[in-house]
Amino acid sequence: MSTRSRITATAVAAAVGMSALAACGAPGGDADAKTVTLVSHDSFNVSKSVLSAFEKESGYKVRILKGGDAGKAVNQAILSKGNPQGDVFFGIDNTLLSRGLHEGLFSPYRAKGLADVPAGLQLDKGGHRVTPLDYGDICVNYDRGYFARHKTPPPKTFDDLIEPRYKGMLVTENSATSSPGLAFQLGTIAKYGQDGWQSYWKKLKANGVEVVDGWEQAYYERFTGSAAGKRKGDKPLVVSYASSPPAEVLGKKPAPEEAPTGVAAGTCFRQIEFGGLLKGARNEKGGKALLDFLLSKKFQEDVPLQMFVNPAREDAAVPELFTKYGTRIDKPTTLPPGTITENREQWIKQWSSLVLK
(Lines give C-alpha, C1' and ligand atoms only; values in the text may rest on other atoms or scores of the structure.)
Protein backbone atom coordinates (compact mmCIF):
# COMPACT_ATOMS: atom_id res chain seq x y z
CA MET A 1 0.00 0.00 0.00
CA SER A 2 0.81 3.02 1.08
CA THR A 3 0.33 6.19 2.48
CA ARG A 4 -3.20 5.73 3.37
CA SER A 5 -6.09 5.85 5.80
CA ARG A 6 -5.98 8.81 4.06
CA ILE A 7 -9.21 10.55 4.84
CA THR A 8 -9.67 9.98 8.56
CA ALA A 9 -6.60 8.22 9.81
CA THR A 10 -4.02 10.94 10.26
CA ALA A 11 -5.66 12.57 13.26
CA VAL A 12 -6.54 9.20 14.81
CA ALA A 13 -3.07 7.82 14.29
CA ALA A 14 -1.52 10.93 15.76
CA ALA A 15 -3.71 10.56 18.82
CA VAL A 16 -2.74 6.92 19.21
CA GLY A 17 0.92 7.76 18.77
CA MET A 18 0.81 10.58 21.29
CA SER A 19 -1.01 8.48 23.87
CA ALA A 20 1.54 5.72 23.42
CA LEU A 21 4.38 8.17 23.79
CA ALA A 22 2.85 9.66 26.90
CA ALA A 23 2.43 6.22 28.41
CA CYS A 24 6.03 5.24 27.84
CA GLY A 25 7.65 7.71 30.17
CA ALA A 26 11.28 8.67 29.92
CA PRO A 27 13.50 6.22 28.04
CA GLY A 28 16.05 4.12 29.82
CA GLY A 29 16.24 1.22 32.27
CA ASP A 30 13.08 -0.81 32.74
CA ALA A 31 11.13 1.61 30.51
CA ASP A 32 13.12 0.44 27.47
CA ALA A 33 12.36 -3.21 28.22
CA LYS A 34 8.64 -2.49 28.47
CA THR A 35 8.46 -0.24 25.40
CA VAL A 36 8.61 -1.33 21.77
CA THR A 37 9.02 1.30 19.06
CA LEU A 38 7.42 1.09 15.63
CA VAL A 39 8.92 3.26 12.87
CA SER A 40 6.69 3.89 9.87
CA HIS A 41 5.39 6.29 7.25
CA ASP A 42 2.76 8.90 8.05
CA SER A 43 -0.15 6.76 6.94
CA PHE A 44 0.26 3.93 9.42
CA ASN A 45 -2.89 3.55 11.47
CA VAL A 46 -4.46 1.08 13.88
CA SER A 47 -7.64 1.13 15.92
CA LYS A 48 -7.02 2.21 19.49
CA SER A 49 -8.85 -0.83 20.84
CA VAL A 50 -6.76 -3.22 18.75
CA LEU A 51 -3.49 -1.62 19.84
CA SER A 52 -4.60 -1.49 23.47
CA ALA A 53 -5.43 -5.20 23.38
CA PHE A 54 -1.91 -6.00 22.20
CA GLU A 55 -0.38 -3.79 24.88
CA LYS A 56 -2.47 -5.47 27.56
CA GLU A 57 -1.74 -9.00 26.37
CA SER A 58 1.98 -8.48 25.74
CA GLY A 59 2.87 -6.10 28.55
CA TYR A 60 4.55 -3.73 26.09
CA LYS A 61 3.71 -0.10 25.42
CA VAL A 62 3.92 0.76 21.72
CA ARG A 63 5.69 3.95 20.71
CA ILE A 64 4.98 5.07 17.14
CA LEU A 65 7.42 7.21 15.16
CA LYS A 66 6.37 8.50 11.75
CA GLY A 67 8.81 9.68 9.12
CA GLY A 68 6.83 11.19 6.25
CA ASP A 69 6.10 9.33 3.04
CA ALA A 70 7.37 5.76 2.74
CA GLY A 71 10.32 6.80 0.60
CA LYS A 72 11.45 9.36 3.16
CA ALA A 73 10.92 6.95 6.05
CA VAL A 74 13.06 4.30 4.35
CA ASN A 75 15.78 6.85 3.62
CA GLN A 76 15.83 7.86 7.29
CA ALA A 77 16.02 4.23 8.37
CA ILE A 78 19.04 3.74 6.11
CA LEU A 79 20.74 6.84 7.49
CA SER A 80 20.28 5.53 11.05
CA LYS A 81 21.09 1.87 10.37
CA GLY A 82 23.06 0.19 13.09
CA ASN A 83 21.57 2.62 15.59
CA PRO A 84 17.90 2.50 14.59
CA GLN A 85 15.22 4.86 15.85
CA GLY A 86 13.06 1.90 16.80
CA ASP A 87 12.64 -1.84 16.89
CA VAL A 88 10.33 -2.57 13.96
CA PHE A 89 9.88 -0.83 10.62
CA PHE A 90 6.48 -0.92 8.92
CA GLY A 91 5.88 0.19 5.35
CA ILE A 92 8.83 -0.71 3.13
CA ASP A 93 7.28 -1.95 -0.11
CA ASN A 94 8.33 -3.99 -3.13
CA THR A 95 9.53 -0.86 -4.96
CA LEU A 96 12.04 -0.12 -2.19
CA LEU A 97 12.53 -3.55 -0.63
CA SER A 98 15.73 -4.50 -2.41
CA ARG A 99 17.35 -1.29 -1.23
CA GLY A 100 16.49 -1.98 2.39
CA LEU A 101 17.74 -5.56 2.13
CA HIS A 102 20.94 -4.46 0.38
CA GLU A 103 21.58 -1.94 3.15
CA GLY A 104 21.14 -4.64 5.78
CA LEU A 105 18.33 -2.89 7.65
CA PHE A 106 16.63 -6.01 9.00
CA SER A 107 17.36 -9.03 11.17
CA PRO A 108 15.78 -12.36 10.16
CA TYR A 109 12.59 -13.37 11.95
CA ARG A 110 9.79 -15.67 10.87
CA ALA A 111 6.61 -14.11 12.21
CA LYS A 112 3.75 -16.22 13.52
CA GLY A 113 0.96 -16.57 10.98
CA LEU A 114 3.19 -16.51 7.90
CA ALA A 115 1.68 -19.81 6.74
CA ASP A 116 -1.57 -17.92 6.07
CA VAL A 117 0.11 -15.46 3.69
CA PRO A 118 0.09 -16.32 -0.05
CA ALA A 119 3.46 -17.32 -1.42
CA GLY A 120 3.20 -14.59 -4.06
CA LEU A 121 3.46 -11.91 -1.37
CA GLN A 122 6.50 -13.47 0.30
CA LEU A 123 9.31 -11.86 -1.64
CA ASP A 124 12.00 -12.77 0.92
CA LYS A 125 10.99 -16.37 1.51
CA GLY A 126 14.55 -17.58 1.95
CA GLY A 127 15.71 -14.97 4.44
CA HIS A 128 12.56 -13.93 6.36
CA ARG A 129 14.12 -10.52 6.88
CA VAL A 130 10.78 -8.90 6.14
CA THR A 131 7.18 -9.99 6.64
CA PRO A 132 4.42 -9.14 4.10
CA LEU A 133 1.68 -7.24 5.93
CA ASP A 134 -0.61 -5.76 3.28
CA TYR A 135 -0.96 -5.12 -0.43
CA GLY A 136 -2.74 -2.69 -2.72
CA ASP A 137 -2.73 -1.40 -6.25
CA ILE A 138 -1.40 2.03 -7.18
CA CYS A 139 -3.71 3.48 -9.83
CA VAL A 140 -4.94 6.77 -11.20
CA ASN A 141 -8.11 7.84 -9.35
CA TYR A 142 -10.63 10.20 -10.92
CA ASP A 143 -13.28 12.59 -9.61
CA ARG A 144 -16.59 11.25 -10.96
CA GLY A 145 -18.39 14.54 -10.42
CA TYR A 146 -15.85 16.52 -12.40
CA PHE A 147 -16.09 14.30 -15.45
CA ALA A 148 -19.89 14.13 -15.23
CA ARG A 149 -20.12 17.93 -15.12
CA HIS A 150 -17.80 18.28 -18.08
CA LYS A 151 -19.49 15.44 -19.96
CA THR A 152 -16.14 13.77 -20.55
CA PRO A 153 -15.45 10.06 -20.02
CA PRO A 154 -12.73 9.45 -17.41
CA PRO A 155 -9.49 7.80 -18.54
CA LYS A 156 -9.13 4.04 -18.22
CA THR A 157 -5.56 3.30 -19.34
CA PHE A 158 -2.05 4.71 -19.44
CA ASP A 159 -2.60 5.54 -23.11
CA ASP A 160 -5.65 7.62 -22.26
CA LEU A 161 -3.67 9.88 -19.94
CA ILE A 162 -1.69 11.42 -22.80
CA GLU A 163 -4.77 12.34 -24.82
CA PRO A 164 -5.31 16.11 -25.24
CA ARG A 165 -8.71 15.95 -23.53
CA TYR A 166 -6.90 15.19 -20.23
CA LYS A 167 -4.29 17.92 -20.56
CA GLY A 168 -3.35 19.46 -17.20
CA MET A 169 -5.63 17.14 -15.21
CA LEU A 170 -3.18 14.68 -13.61
CA VAL A 171 -1.12 15.09 -10.43
CA THR A 172 1.37 12.40 -9.44
CA GLU A 173 4.04 12.00 -6.79
CA ASN A 174 7.80 12.35 -7.12
CA SER A 175 9.39 8.98 -7.87
CA ALA A 176 12.44 9.89 -5.81
CA THR A 177 10.51 10.73 -2.62
CA SER A 178 7.23 8.81 -2.78
CA SER A 179 6.47 5.11 -3.01
CA PRO A 180 3.17 5.65 -4.90
CA GLY A 181 5.02 7.92 -7.31
CA LEU A 182 7.71 5.31 -7.87
CA ALA A 183 5.09 2.58 -8.25
CA PHE A 184 3.32 4.62 -10.91
CA GLN A 185 6.59 5.08 -12.78
CA LEU A 186 7.27 1.33 -12.53
CA GLY A 187 3.78 0.70 -13.88
CA THR A 188 4.64 2.70 -17.00
CA ILE A 189 7.90 0.79 -17.36
CA ALA A 190 6.04 -2.52 -17.07
CA LYS A 191 3.58 -1.29 -19.69
CA TYR A 192 5.91 0.32 -22.25
CA GLY A 193 9.20 -1.47 -21.55
CA GLN A 194 12.67 -0.14 -20.92
CA ASP A 195 12.82 1.26 -24.44
CA GLY A 196 9.45 3.01 -24.40
CA TRP A 197 8.69 4.42 -20.95
CA GLN A 198 10.75 7.59 -21.35
CA SER A 199 8.95 8.46 -24.57
CA TYR A 200 5.66 7.98 -22.74
CA TRP A 201 6.72 10.33 -19.91
CA LYS A 202 7.76 12.99 -22.42
CA LYS A 203 4.21 12.88 -23.76
CA LEU A 204 2.77 12.90 -20.24
CA LYS A 205 4.88 15.94 -19.37
CA ALA A 206 3.80 17.69 -22.55
CA ASN A 207 0.22 16.94 -21.51
CA GLY A 208 0.69 18.93 -18.31
CA VAL A 209 1.27 16.33 -15.58
CA GLU A 210 2.01 17.96 -12.20
CA VAL A 211 4.51 16.41 -9.77
CA VAL A 212 4.44 16.93 -5.98
CA ASP A 213 6.57 15.44 -3.20
CA GLY A 214 4.17 12.94 -1.64
CA TRP A 215 0.76 11.30 -1.58
CA GLU A 216 -0.78 13.54 1.09
CA GLN A 217 0.00 16.68 -0.91
CA ALA A 218 -1.25 15.15 -4.15
CA TYR A 219 -4.49 13.74 -2.74
CA TYR A 220 -5.47 16.23 -0.07
CA GLU A 221 -4.23 19.45 -1.64
CA ARG A 222 -4.33 19.01 -5.41
CA PHE A 223 -7.05 16.42 -6.15
CA THR A 224 -10.57 17.77 -6.67
CA GLY A 225 -12.18 14.60 -5.35
CA SER A 226 -10.77 14.60 -1.81
CA ALA A 227 -13.43 15.24 0.83
CA ALA A 228 -10.75 15.70 3.50
CA GLY A 229 -9.09 18.31 1.31
CA LYS A 230 -12.54 19.94 0.93
CA ARG A 231 -12.12 19.57 -2.83
CA LYS A 232 -10.04 22.73 -3.10
CA GLY A 233 -7.59 21.32 -5.63
CA ASP A 234 -7.88 21.66 -9.40
CA LYS A 235 -6.68 18.23 -10.57
CA PRO A 236 -9.46 15.69 -11.24
CA LEU A 237 -6.89 12.89 -11.71
CA VAL A 238 -4.46 11.71 -9.02
CA VAL A 239 -2.13 8.76 -8.50
CA SER A 240 -3.55 6.93 -5.47
CA TYR A 241 -4.92 3.46 -4.65
CA ALA A 242 -7.58 1.18 -6.07
CA SER A 243 -8.90 1.07 -2.51
CA SER A 244 -9.03 4.84 -2.00
CA PRO A 245 -12.72 5.24 -3.06
CA PRO A 246 -14.04 3.47 0.09
CA ALA A 247 -12.27 6.11 2.18
CA GLU A 248 -14.41 8.76 0.51
CA VAL A 249 -17.57 6.86 1.52
CA LEU A 250 -16.59 5.99 5.09
CA GLY A 251 -19.04 7.52 7.57
CA LYS A 252 -21.43 8.91 4.95
CA LYS A 253 -25.14 8.51 5.67
CA PRO A 254 -27.04 7.44 3.74
CA ALA A 255 -24.44 5.39 1.94
CA PRO A 256 -24.20 6.34 -1.75
CA GLU A 257 -24.71 3.86 -4.56
CA GLU A 258 -21.13 4.39 -5.66
CA ALA A 259 -18.06 6.20 -4.37
CA PRO A 260 -17.53 9.81 -5.57
CA THR A 261 -14.16 8.76 -6.94
CA GLY A 262 -13.32 6.02 -9.39
CA VAL A 263 -10.29 4.04 -10.53
CA ALA A 264 -8.69 3.85 -13.96
CA ALA A 265 -8.15 0.09 -13.82
CA GLY A 266 -5.70 0.06 -16.72
CA THR A 267 -3.14 2.18 -14.83
CA CYS A 268 -2.43 -0.06 -11.82
CA PHE A 269 0.78 -1.43 -10.29
CA ARG A 270 0.73 -3.95 -7.44
CA GLN A 271 2.36 -2.71 -4.21
CA ILE A 272 3.18 -5.02 -1.30
CA GLU A 273 4.12 -3.58 2.10
CA PHE A 274 6.39 -5.31 4.59
CA GLY A 275 7.49 -5.01 8.18
CA GLY A 276 10.82 -6.05 9.61
CA LEU A 277 12.82 -6.28 12.81
CA LEU A 278 15.40 -3.50 12.59
CA LYS A 279 18.99 -4.67 12.97
CA GLY A 280 20.39 -3.29 16.22
CA ALA A 281 16.93 -3.00 17.81
CA ARG A 282 17.18 -2.15 21.50
CA ASN A 283 14.18 -4.32 22.30
CA GLU A 284 14.51 -7.29 19.98
CA LYS A 285 12.14 -9.47 22.01
CA GLY A 286 9.48 -6.76 21.97
CA GLY A 287 10.09 -6.22 18.27
CA LYS A 288 9.39 -9.86 17.52
CA ALA A 289 6.20 -9.70 19.57
CA LEU A 290 5.15 -6.60 17.66
CA LEU A 291 5.76 -8.28 14.29
CA ASP A 292 3.65 -11.23 15.42
CA PHE A 293 0.90 -8.75 16.31
CA LEU A 294 1.12 -7.00 12.91
CA LEU A 295 0.54 -10.35 11.21
CA SER A 296 -2.12 -11.47 13.68
CA LYS A 297 -5.65 -11.94 12.42
CA LYS A 298 -6.86 -9.19 14.76
CA PHE A 299 -4.55 -6.56 13.30
CA GLN A 300 -4.94 -7.83 9.75
CA GLU A 301 -8.72 -7.48 9.90
CA ASP A 302 -8.25 -3.92 11.17
CA VAL A 303 -6.10 -3.01 8.15
CA PRO A 304 -8.72 -2.42 5.41
CA LEU A 305 -10.64 0.41 7.08
CA GLN A 306 -7.61 1.87 8.85
CA MET A 307 -5.14 1.98 5.97
CA PHE A 308 -7.36 1.13 3.00
CA VAL A 309 -5.26 -1.70 1.65
CA ASN A 310 -5.77 -5.46 1.57
CA PRO A 311 -4.58 -7.62 4.47
CA ALA A 312 -1.76 -10.01 3.65
CA ARG A 313 -3.41 -12.95 5.43
CA GLU A 314 -5.79 -14.97 3.27
CA ASP A 315 -8.00 -15.81 6.25
CA ALA A 316 -8.52 -12.18 7.33
CA ALA A 317 -12.07 -10.95 6.78
CA VAL A 318 -12.55 -7.81 4.67
CA PRO A 319 -15.49 -5.48 5.47
CA GLU A 320 -18.33 -4.97 3.00
CA LEU A 321 -17.66 -1.24 2.61
CA PHE A 322 -14.17 -2.04 1.42
CA THR A 323 -15.29 -4.65 -1.10
CA LYS A 324 -18.37 -2.74 -2.33
CA TYR A 325 -16.71 0.60 -3.04
CA GLY A 326 -13.15 -0.52 -3.76
CA THR A 327 -12.02 -1.70 -7.18
CA ARG A 328 -10.66 -5.21 -7.57
CA ILE A 329 -7.70 -5.23 -9.95
CA ASP A 330 -7.32 -8.68 -11.48
CA LYS A 331 -4.37 -7.90 -13.75
CA PRO A 332 -2.16 -5.18 -12.26
CA THR A 333 1.18 -4.49 -13.89
CA THR A 334 4.17 -5.91 -12.04
CA LEU A 335 7.92 -6.14 -12.37
CA PRO A 336 10.22 -8.83 -10.94
CA PRO A 337 11.96 -7.64 -7.75
CA GLY A 338 15.31 -8.44 -9.36
CA THR A 339 14.55 -6.14 -12.28
CA ILE A 340 13.61 -3.34 -9.90
CA THR A 341 16.80 -3.96 -7.90
CA GLU A 342 19.03 -3.74 -10.95
CA ASN A 343 17.43 -0.63 -12.45
CA ARG A 344 15.59 1.37 -9.78
CA GLU A 345 18.22 4.03 -9.06
CA GLN A 346 18.97 4.55 -12.74
CA TRP A 347 15.27 4.75 -13.58
CA ILE A 348 14.66 7.33 -10.86
CA LYS A 349 17.56 9.46 -12.10
CA GLN A 350 16.33 9.23 -15.67
CA TRP A 351 12.79 10.09 -14.60
CA SER A 352 13.99 13.06 -12.52
CA SER A 353 16.09 14.42 -15.38
CA LEU A 354 13.24 13.99 -17.83
CA VAL A 355 10.27 15.18 -15.78
CA LEU A 356 11.60 17.62 -13.18
CA LYS A 357 13.81 19.74 -15.44
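These legends describe four close-up views of one predicted model.

**View 1. Helix α7, from end to end.** Helix α7 covers residues 179-192. Its 14 residues should span 20 Å at 1.5 Å a residue, and the C-alpha atoms at its ends are 20 Å apart, so the expected and modelled spans agree. Most of the helix is covered, with eleven of the 14 residues buried. The buried residues begin with Ser179, Pro180, Gly181 and Leu182. Ala183, Phe184, Gln185 and Leu186 are buried too, as are Gly187, Thr188 and Ile189. Just after α7 comes Gly193, with a positive phi of about 80°.

**View 2. The disulfide between Cys139 and Cys268.** How many disulfides does a search of the whole structure find? The search finds one. It joins Cys139 to Cys268, with an S to S distance of 2.0 Å. Cys139 sits in strand β5 (residues 131-143) and Cys268 in strand β9 (residues 261-278), so the link ties together parts that are 129 residues apart in sequence. The angle about the S-S bond is 115°, and the link of Cys139 and Cys268 is right-handed. Are these two cysteines buried or exposed? Cys139 is buried, with a relative accessible area of 0%. Cys268 is also buried, with a relative accessible area of 3%. Both values fall under the 20% cut-off, so both residues count as buried.

**View 3. The largest cavity and its lining.** The largest cavity has a volume of about 70 Å³. Which residues line the largest cavity? Val39, Ala77, Ser80, Lys81, Gly82 and Pro84 are among them. Gln85, Phe89 and Leu105 also line the cavity, together with Leu278 and Lys279. By class, the lining has six nonpolar, three polar and two charged residues. Lys81 and Lys279 are the charged ones, because Lys counts as charged. Leu278 belongs to strand β9, which also holds Cys268 of View 2.

**View 4. The second largest cavity and its lining.** The second largest cavity has a volume of about 40 Å³. Its lining includes Leu161, Tyr166, Gly168, Met169 and Leu170. Leu204, Asn207, Gly208 and Val209 line this cavity as well. How do the residues of this lining divide by class? Six are nonpolar, three are polar and none is charged. The polar residues are Gly168, Asn207 and Gly208, because Gly and Asn both count as polar.

Terms used. Residues numbered from 1 in each chain as written. Predicted model: local features only at pLDDT ≥ 70, side-chain atom pairs only at ≥ 80, totals over all residues. Heavy atoms only, no water. Helix = DSSP H or I, 4+ residues; strand = E, 2+ residues; numbered from the N terminus. Expected span 1.5 Å × (residues − 1). Buried < 20%, exposed > 50% of the residue type's maximum accessible area, 1.4 Å probe, protein only. Disulfide = S-S within 2.5 Å. 1 Å grid on protein atoms, 1.4 Å probe; cavity = no way out; pocket = protein on both sides within 12 Å on 5 of 7 lines; lining within 4 Å. Points joined across faces, edges and corners; volume = space filled by probe spheres on them.
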